[in-house]
Amino acid sequence: MRRLVPVLGFLGSAAILAACSQGGQNKTGADTDVLGAAISKAIGGQSTCVLIMEPGGTKPVYQYGAATPCGRGLPSCQEGGGLMSARDLAALAAQGTERLISCDSSPGFTTAWASGPITSKDGRKLVYAAVMDEPNEKSIPGREIKARLEPALVEGGL
C-alpha cells in the first residue's frame, strides 16, 4: 500500500495539470499550446496580451495573456490621448484598423500596440491585436511586435 500512495499522488497531480492545460484546437484551428508557446517565444511577458478575432467579429477566437493585461486601460499613444485596452484594439482591428505605435506610459515603462490582418493556413481571414506594457529595458515598439508576432502566429499553427 505504501508503494501505491506515491503512484496515486503522481497520477492525481498529472490529472490536475491536464485539466489546467489549454491544449487542443480553438476557434482559430491551431493547437492552443503550440500557438501560445510560439507567441511566448516571440513577444511573451506578464504584461503581454494578444487577441485574435474574425473580421467584423465581437469576441476573440483566441486570447494569449490573462484578463488583466487584456482588459486594463493603457495609454492609446494616439493624438488626444486617452486609455485603451487590448479588447478595444481588437474591436478596432475587427473593423479593419491597423496600428503600430508605442509611447512612454509611466515612469520607466513603455506601452506598445500592434494590430493587423492575418490569414490562417486554411485561408481564413483573421485579425490580431497585441499590447505590451513593459519596463523600458524590456519593451519593444509596435512595429517590432508585428515583425516578431506575425511569423510566430504562422509557426504556432495559424
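Which residue forms a disulfide with Cys49, and how far apart are their sulfur atoms? The partner is Cys70, and the two sulfurs sit 2.0 Å apart. Keep in mind that this is a predicted model.

That bridge is one of two disulfides in the structure. The other joins Cys77 to Cys103, again with 2.0 Å between the sulfur atoms. If you count the bonded cysteines along the chain, the pairing reads 1-2, 3-4.

Here are the two links side by side:

| Disulfide | S-S distance | Angle about the S-S bond | Handedness |
|---|---|---|---|
| Cys49 and Cys70 | 2.0 Å | 105 degrees | right-handed |
| Cys77 and Cys103 | 2.0 Å | -70 degrees | left-handed |

Now for what each bridge holds on to. Cys49 belongs to strand β1 (residues 48-53) and Cys70 to helix α3 (residues 67-71), so this disulfide ties together parts of the chain 21 residues apart in sequence. Both ends of the strand-to-helix link are tucked away: Cys49 is buried, and Cys70 is buried too.

The Cys77 and Cys103 pair also links distant parts of the chain, with the two positions 26 residues apart in sequence numbering. Cys77 sits in the loop between β3 (74-75) and β4 (83-84), while Cys103 is in strand β5 (residues 99-106).

Is Cys77 buried or exposed? Cys77 has a relative accessible area of 16%, so it counts as buried, because the cut-off for buried is under 20%. Its partner Cys103 comes in at 21% relative accessibility and therefore counts as partly exposed.

Notes: Residues are numbered from 1 along each chain as its sequence is written. This is a predicted model: local features need pLDDT of at least 70, side-chain atom pairs count only at pLDDT 80 or more; totals for chains, interfaces and linings use all residues. Side-chain values use heavy atoms; hydrogens and water are left out. A disulfide is a pair of cysteine sulfur atoms within 2.5 Å. Helices (H or I, at least four residues) and strands (E, at least two) are DSSP runs, numbered from the N terminus. Buried means under 20% relative accessible area, exposed over 50%, partly exposed in between (1.4 Å probe, protein chains only).
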